[in-house]
Amino acid sequence: QLQLVESGGGLAQPGGSLRLSCAASGFTLDRYAIGWFRQTPGKEREGITCISRTGTTNYADSVKGRFTISRDNAKSTVYLQMDSLKPEDTAVYYCAVTEVHVFSKCVLRPPGLYNYWGQGTQVTVSS
């Protein structure tokens, strides 16, 4: 059974950091791009970063310079290091995988390109 499980969410203060993990089971990540998305009530799911099968990364402007995505294929795990957190980063964060690459790069839109999704983890940034 293919499964993605996010962990590491919680409460952080503005300016603080959190590290999310996305663990895959039932399959290996080698041929997939992995993306991180987030969603708040009433808004569309937003792609914030992804990493291609070769390790090339892509970031949305909203998180560029603050968030870092990385992958460890041996552990079938992808990480999202979130620094300099802002209240507007508050959301449910999801990881997802896709085999789709465009010119060998991963893409953030549309979310429908991603086949398998985790259940999400809540991140709240508040003082």
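Partly exposed, as used in these legends, covers relative accessible areas between the buried class, under 20%, and the exposed class, over 50%. All the views below show a predicted model.

**View 1. Arg31 and Glu99 meet in a salt bridge.** Let's start with Arg31, which counts as partly exposed because its relative accessible area is 45%. Its partner Glu99 is partly exposed too, at 41%. The closest N and O atoms of the pair lie 2.9 Å apart. This contact joins distant parts of the chain, 68 residues apart: Arg31 sits in the loop between strands E3 (18–25) and E4 (33–39), and Glu99 in the loop between E9 and E10.

**View 2. A network of salt bridges links Arg38, Glu46, Arg66 and Asp89.** Here Glu46 pairs with Arg38, with 3.0 Å between the closest N and O atoms. Arg38 is buried at 7% relative accessible area, whereas Glu46 is partly exposed at 30%. Arg66 and Asp89 form another salt bridge, at 2.7 Å from N to O. Asp89 counts as buried, with 0% relative accessibility, and Arg66 is buried at 10%.

**View 3. Glu46 also helps to line the largest pocket.** Have a look around this pocket of about 170 Å³: its lining includes Arg45, Asn58, Tyr59 and Arg109. Strands E5 (46–51) and E6 (57–59) are the elements that each give two or more residues to the lining. By type, the lining residues are four nonpolar, two polar and three charged.

**View 4. Val100, Val102 and Phe103 make a nonpolar surface patch.** Together they offer about 310 Å² of accessible area. Val102, in the loop between E9 (91–98) and E10 (116–117), is partly exposed at 39% relative accessibility.

Terms used
Residues numbered from 1 in each chain as written. Predicted model: local features only at pLDDT ≥ 70, side-chain atom pairs only at ≥ 80, totals over all residues. Heavy atoms only, no water. 1 Å grid on protein atoms, 1.4 Å probe; cavity = no way out; pocket = protein on both sides within 12 Å on 5 of 7 lines; lining within 4 Å. Points joined across faces, edges and corners; volume = space filled by probe spheres on them. Helix = DSSP H or I, 4+ residues; strand = E, 2+ residues; numbered from the N terminus. Nonpolar A, V, L, I, M, F, W, Y, C, P; charged D, E, K, R; others polar. Patch = residues over 30% accessible without salt bridge, like charges linked within 9 Å, V, L, I, M, F, W, Y side chains within 5 Å. Areas by Shrake-Rupley, 256 points an atom, 1.4 Å probe, with all protein chains shown as cover. Salt bridge = Lys/Arg side-chain N within 4 Å of Asp/Glu carboxyl O. Buried < 20%, exposed > 50% of the residue type's maximum accessible area, 1.4 Å probe, protein only.
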